[in-house]
Structure formats: structure tokens, C-alpha cells
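Dear colleague,

Please find below the structure that I am handing over to you, with its sequence. My account of what was found follows directly after it.

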Amino acid sequence: MLAPPPIISVSNLSKTYGSGFKALKGINLDIKRGEIFALLGPNGAGKTTLISIICGIANLSEGRVTVGGHDINSDYRAARSLIGLVPQELHTDSFETVWATVSFSRGLFGKPKNPAHIEKVLKDLSLWDKKDSKIITLSGGMKRRVMIAKALSHEPQILFLDEPTAGVDVELRKGMWDVVRGLQASGVTIILTTHYIQEAEEMADRIGVINKGEIILVEDKAGLMQKLGKKQLTLHLQQKIEAIPPALAPYKLQLSSDGRLLTYDYDTKGERTGITSLLTDLRNAGIHISDLDTTQSSLEDIFVSLVRAP
Amino acid sequence: MNYRAIRAIYLFEMARTWRTLLQSIVSPVVSTSLYFVVFGAAIGSRITEVEGVSYGTFIVPGLVMLSVLTQSIANASFGIYFPKFVGTIYEILSAPVSYIEIVIGYVGAAATKSIILGLIIMATAALFVPLHIHHPWWMLTFLVLTAVTFSLFGFIIGIWADGFEKLQMIPMLIVTPLTFLGGSFYSVNMLPSGWRTITLLNPVVYLISGFRWSFYEIADVSVALSLGMTLGFLAICMVLVWWIFRTGYRLKN
């Protein structure tokens, strides 16, 4: 069976700024319809540039981007109609009311008035009681939600969230993710960038890592964790030992300084983890264990190791 | 055409006008009234007449043009510069709108505002001096053409400017001198012939001359030439705007 066509297709995309700085170098990326895709990368990696080009805010230098099958240059109206964008910086008008600014966005995208929809969006984002307030009177977290409301005002099929939870407190952040999950359930494709890697780990279906203008990796989150995830087995000993018996050398165990903990690194993608034989060999060596636990490296560890790699 | 987008931008800009009513409408009316008091009543009383009309009456078209020109540029340049400055331009650029729609929205609103202003100033002038308009339709044509042309020009300045200083520079250093030297307060025929030739290089002369003709049927240059020069300047501005959006100059890079 053929895979359904991607909702966004980026091929061979490059961006060189007037200063000669190459912000993107031959990016290829497909976004699947209905997924939550997290784009991770250090500051200056090209995340925002990539989003800006797809959304029409910056010109591309080379390559091609299609959104819903529409070329973003030759068929920009159809392409942009599908997209709602929440940029990273808090760019809002100051003297407009929440209601007016969200209604303005809907008109700008060519959609007929629909007060019921705007009411729903504002209520979902807990902004309903602020609808007649001027934006300048709102807190940072509220302004962020106003920007999300603007992006959702024209019922987009794709939502870009560039660092959506920067400067938003924990409770609001959770509320925001509930909204995002609700949107995904209604069929909206979501592309987000975030600095909170736990968030990507929790929210995303797939993860892309970008560094120095290049996509280093795109992977299902589970696959990524499995592919790169190292697991660590910690053994709590009943009696402390002075040294690791020579018979156990092949396992490259590490002994804690108090002699009561043994740690063993293993790879989950290996066919044999070696745990069973390790436990057998331990018993043969006369070492008894009282407890054991395993830990898996987080996405953050994976991310740091990827970006640091030369 | 995305008419809803044009409407949204236009109404947004007009809402800004009503919010800043004092600054947008009242202050130009006050300053124009001052011109009438100083030039019309005080100095004008010592000048018998210019080309057959009293001096106070003579300066009305020039004063209206002065305000329409400067306000068109100020409104339109600020209207597009401000979203660039605070960053809300992202939304316009990411919306399914063509550059023609963006220009119609912003320039249309700026021109509307300065046309309203021009009419208010004329009404104010009528309180000070007897006003008779020989060719009301031509008067409106020149008014609308000038408002649209200079709003376009202001739009270009707003895109070009990357700081508030630049935003003020062109209006202060080029437009204001050109309007004062363009025959707002005198007939070009009153100048010595050398200066007269130099003055004819000033595009504003043609605007004011044509506009004044529609009031009193007196003109420094022929009406056809006035109309032609105005349309020519409009065409230049349109080409510049087209180039700006085609290349994404100062907007998309």
C-alpha cells in the first residue's frame, strides 16, 4: 500500500542570507498529515528560518516546498490558507481588543465572519473573559495565547508553533498542550519547536533534529529512543565487594565507591542484552543482589549527544 | 481577489485613525487654521490680490495640498512601518494575500484618511475666506489622485525605512521643502524667470497648479501637464511597489 502523500514536502531547500550566511543547506523533510512533529535544534540551527520559509515570511534561495500539494510560491494562496503560524516572538498589536485582533486574522485569511468559531477558540484558550480587553493590558502568557487564537481563527489544517511555551507557566503550559492534543484529534497537523525536550518527548509522534542548517535525523519518537537509547542496569548488592571478580570483566561493569552498587550499560537494540548471562555469572561468582533497577536515557541526552557530535 | 483581506486591512487601518483622532485630524486642522490667520488675515491683508483672487483665497488649494501630501505620506509610511517595527507584519506576509491586496488595504486607508482631511480643511477655509470651486469634479480628481499617489510614496518610504529617523527624514528634508517651494503660498509667475525654470523641476508645482485651477481657473502650468505629471509620479510609485514585492526587499529577507 502506498503511503498517503505528505502534507508538507520540503525538498532540497537552501537559504542564503544577503550577508552570505547559509542558514539552511539542502533540507529534505516530509511532514505526515495529522502528526505532531517536533523540530529540535540549538539556537541558530535554522528552525525558525525553515518555518518562516514554509509560511511565506522569508524567500527561499533554492529548492521547493509544497503544502497540501500546493507550491508555496506559484500557488501561495492555496498553500498559506492551510497554515496557522504562531511565531516565537510575542508580536501583537497593543491597542486592539482580543476579539478585534482575532477577527482581523480570520478576515486576512479570506474566511467569512464566524463569531461562533472565534468564541470557541477563545474559550478553549481561556481567553473568553478577556475578549474586550486591549492586548497591551494582558500578561505575557495571555499574549501568547492570543497569538495562538489568531493562528486558529481561520481553521487551519496545519499549525506551526515556534517555541510556544517559552515564558508560559507550568499550569498554562499543560492547558496549552491539552489544546494541541485536541487539535490533533480533530485532524490538524502540528509542527512545533521547543526548548523543553520533555515536551517533545511527551507530545511528538516524530522528531527531527536540525543543526547548523542541516537535518541530522528524522525518526519516530519510539524508534529514536530505541535506536539511540542506552539503558543502564543498576544492581544493589547484599554485601559490599572490594573489586569486580576477573570472571566478570567482559561485562565492563562499574563498581561504586562504597562497593555496594554495580552498574552495567547495555544497548536495547542489540539482539542479546547480556542481562541473563550477567545474572548467572554473578551468582556463580558468589555475588548476591538485593535489588535492581534500569534507567533509559532521555531524549535530552540523545539530543545533546547528537548536536555535540562533530 | 481576497476581498475579505483587503477589507480587514482597510478597516484595521481606519480603526487606527479613529483611535488617534486628535493626532490624525484635529492637529492638521489646527495648524491649517494658523496658516489662515497668519498668511491670510495678517500678511494677506497687505497683499491686494494674486492673479485676480484675494490672497487668502489664493492660498486655500495650496494649503489643502500641503496637508494632503504630508498626511498621505505620514499615514501610509507609519501604517506599514509600524507592523514591521513591532513584528506583526509576520501575519500579513504569511496570509494568503497578494501584494496588490496589501497595497490596496494600506494605501486605500491612508488615502481615505487624507481625502477626508483635505475636505475638512476646505470646510475650515470656507469659514475664513469666500470659497468658490469652478470644477468640483476636477478638484476631487486631483485630490484623490494626489492622496493615492503620495500614500503609495509613503508606503514605499515605510518599507524602506529601518528606523524612525529614516521614516521622518524624507518627509522632513524633501517633501516639506518641495511643498513650500511648490507654490502653496505664491504663484510661480511671481518668481524671477531663472527661479521659475528651476521651480518647474519640482513635481509638487504641477499638483498645486492643477488643483488651484480646479478652484479658480488660474494655473502656473497647463492642466493637461499637471494631470500628466501626477499620473507619471503615480506610475513610478506603482513600479517601485511592484519591485519591492517581487524581490521581497526589506520584507522577506
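In what order do the strands of the open sheet of 4 strands with strands 11 to 14 of chain A stand? The order is 12-13-11-14, and the pairing is antiparallel. Please bear in mind throughout that this is a predicted model.

The edges of this sheet are taken by strand 12 (254-255) and strand 14 (289-296) of chain A. Each of these two has a single partner strand, so one side of each is left without a neighbour in the sheet. Strand 14 of chain A is paired with strand 11 (residues 230-237) of chain A in the antiparallel sense, over 7 bridges. Within strand 14 of chain A, T294(A) is the bridge partner of L233(A).

Chain A holds another open sheet of 4 strands, whose order is 2-1-4-5, again with antiparallel pairing. Here strand 2 and strand 5 (70-71) of chain A are the edge strands, and each of them pairs on one side only.

Strand 1 (residues 8-16) of chain A pairs with strand 4 (residues 62-67) of chain A in the antiparallel sense, through 5 bridges. Two positions illustrate this pairing: V10(A) stands opposite V65(A) of strand 4 of chain A, and S9(A) stands opposite T66(A) of strand 4 of chain A. Strand 1 of chain A also pairs with strand 2 (residues 22-31) of chain A, in the antiparallel sense and over 6 bridges. For L13(A), the bridge partner in strand 2 of chain A is I27(A). The hairpin formed by strand 1 and strand 2 of chain A has 5 residues between the strands, and G20(A) takes a positive phi near 95 degrees there. As a general point for reading both sheets, side chains in a regular strand alternate between the two faces of the sheet.

I turn next to the domains of chain A. The chain is divided into domain 1 (8-227) and domain 2 (229-308). Taken over C-alpha atoms, the centres of domain 1 and domain 2 of chain A are separated by 42 Å. Their contact takes 13 residues from domain 1 of chain A and 10 residues from domain 2 of chain A. On the side of domain 1 of chain A that touches domain 2 of chain A, at least two residues each are supplied by helix 7 (197-203), strand 9 (206-211), strand 10 (214-220) and helix 8 (221-228) of chain A. Helix 8 of chain A gives the most to this side, with 4 residues. By class, this side of domain 1 of chain A has 9 nonpolar, 2 polar and 2 charged residues.

The contact between the two chains draws 27 residues from chain A and 20 residues from chain B. On the side of chain A that touches chain B, the elements giving two or more residues are helix 2 (76-81), strand 6 (83-86) and helix 3 (98-108) of chain A. This side of chain A divides into 12 nonpolar, 9 polar and 6 charged residues.

In chain B, I looked at two helix pairs, both of which involve helix 10 (residues 223-247) of chain B. Two packed helices are described by the angle between their axes and the distance between the axes.

Helix 9 (residues 203-216) and helix 10 of chain B have axes that come within 8 Å and cross at roughly 130 degrees. Helix 9 and helix 10 of chain B are therefore oblique to each other, and their crossing is left-handed. Among the residues that meet here are Y206(B), L207(B) and W213(B) of helix 9 of chain B, and L225(B), M229(B) and F233(B) of helix 10 of chain B. The residues of this contact comprise 9 nonpolar, 4 polar and no charged.

Helix 6 (residues 136-160) of chain B packs with helix 10 of chain B at an angle of about 30 degrees, the axes being 9 Å apart. Helix 6 and helix 10 of chain B are therefore roughly parallel to each other, and this crossing too is left-handed. The contact includes L145(B), L152(B), F153(B) and I159(B) of helix 6 of chain B, together with F233(B), L234(B), M238(B) and I244(B) of helix 10 of chain B. It is made up of 14 nonpolar, 3 polar and no charged residues.

With kind regards

Technical notes:
Residues are numbered from 1 along each chain as its sequence is written. Chains are lettered from A and ligands numbered from 1 in the order in which they are written. This is a predicted model: local features need pLDDT of at least 70, side-chain atom pairs count only at pLDDT 80 or more; totals for chains, interfaces and linings use all residues. Axes are lines fitted to C-alpha atoms, for helices over the stretch in contact, and angles run from 0 to 180 degrees between N-to-C directions. Angles under 35 degrees count as roughly parallel, over 145 as roughly antiparallel, 65 to 115 as roughly perpendicular and the rest as oblique. A crossing is left-handed if the near helix is turned anticlockwise from the far one by less than a right angle, and right-handed if clockwise. Two residues are in contact if their C-beta atoms, placed from the backbone, lie within 7 Å. Ala, Val, Leu, Ile, Met, Phe, Trp, Tyr, Cys and Pro count as nonpolar, Asp, Glu, Lys and Arg as charged, and the others, Gly among them, as polar. Domain bounds come from an automatic or database domain assignment. Two strands pair if DSSP finds at least two bridges between them.
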